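Today I am going through a new model, starting with its sheet and ending with its pockets. Here is what I have on screen.

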Amino acid sequence: MSEKLLEIKNLKKYYGKGDSEVKALDDISFDVYKGEMLVLLGNSGCGKSTLLNIIGGMDSPTSGEVLLNGVDITKYKDKELTKYRKEKIGFIFQFYNLLPDLTALENVKMSLESKDQSHLSEKTLELVGLNDKKMKQYPSQMSGGEQQRVSIARALVKNAEIILCDEPTGALDDKTGRKILELLQDIVRKQGQTMVIVTHTTPIADMANRVITLKNGKIIKERVNEHPLDAKDIVW
Ligand code: ADP
Ligand code: MG
């Protein structure tokens, strides 16, 4: 696991000016390797979402670089950035962010360039554990865990370079959350998907290949898990 997919270099994100200045990201540098599960760990307000949103091309930094396969995405114009988000990035949110007026299947199809790849969307929904009947339901008819499965399918179906998860279990009970983590770990292990998971829940870090701890916009610790825990064995 030595091929660099993503390089974050001296990333800064400052809000406000003078006395009210907030250094949400204060000179962050790290790499993400192909096929790894990386956990970014830290308390609320330490800059996790800001960092993930910048990597995902949804926000821009004050300074610094984000290179995917050697190309700096912070230099992208709007059009290139939209293409980057659509093609290269799968994003999984705490509150799923599904479109309420579309069925599970339609939500997943939205993520694809060619809308007639219905078969691929169905296959992916099956892979995340949703059957034919569920696929035709709307988000409001599904449990939180099921909605998160749809959002995972939506990220997965487009064969993104990297999947970014912002507190993916934050809105779920422990048991459902663990099932979702099992699914995410399975995707990394079986498909070689690269994944970054942001969380404030310390035990979740034990399932990662590598853990970076953030505090007040800075990296304070980095560790490699030689033997990542199976998600099913995580207790919190
Ligand atoms: P986390 O996801 O780790 O909880 P965030 O990335 O959401 O942290 O926020 C990091 C810091 O940046 C916090 O102090 C937050 O209040 C601040 N922040 C985030 N977004 C904004 C914004 N749009 N304007 C001003 N401050 C912000
Ligand atoms: Mg956050």
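**Sheet and pocket notes**

I started with the strand order: six strands form an open sheet, ordered 6-7-8-3-9-10, and the pairing is mixed. I am keeping in mind that this is a predicted model.

Next I looked at the edges. Strand 6 (89–92) and strand 10 (218–224) sit there with a single partner strand each, so one side of each has no neighbour in the sheet. I also looked up the twist, which averages 15° from one strand to the next.

Then I zoomed in on strand 6 and its partner. Strand 6 and strand 7 (residues 162–166) run parallel and are joined by four bridges. I found G90 opposite I163 in strand 7.

I turned to the helices on the sheet. Helix 6 (residues 144–157) packs there, touching strand 6 and strand 7, and its direction is at about 170° to that of strand 6. Helix 7 (residues 174–191) also packs on the sheet, where it touches strand 3 (37–41), strand 6, strand 7 and strand 8 (194–199). I noted an angle of about 155° between the directions of helix 7 and strand 8.

Last, I checked the pockets. The largest has a volume of about 450 Å³. I wondered which residues lie nearest its centre. They are R85, F91, F93, R154 and K158, out of 17 that line this pocket. Strand 6 turns up again here: strand 6, helix 2 (78–88) and helix 6 each give at least two residues to the lining. Sorting the lining by class, I got seven nonpolar, six polar and four charged residues.

Definitions and conventions. Residues numbered from 1 in each chain as written. Chains lettered and ligands numbered in written order. Predicted model: local features only at pLDDT ≥ 70, side-chain atom pairs only at ≥ 80, totals over all residues. Heavy atoms only, no water. Pairing = 2+ DSSP bridges. Axes fitted to C-alpha atoms, helices over the stretch in contact; angles between N-to-C directions. Contact = heavy atoms within 4.5 Å. 1 Å grid on protein atoms, 1.4 Å probe; cavity = no way out; pocket = protein on both sides within 12 Å on 5 of 7 lines; lining within 4 Å. Points joined across faces, edges and corners; volume = space filled by probe spheres on them. Nonpolar A, V, L, I, M, F, W, Y, C, P; charged D, E, K, R; others polar.
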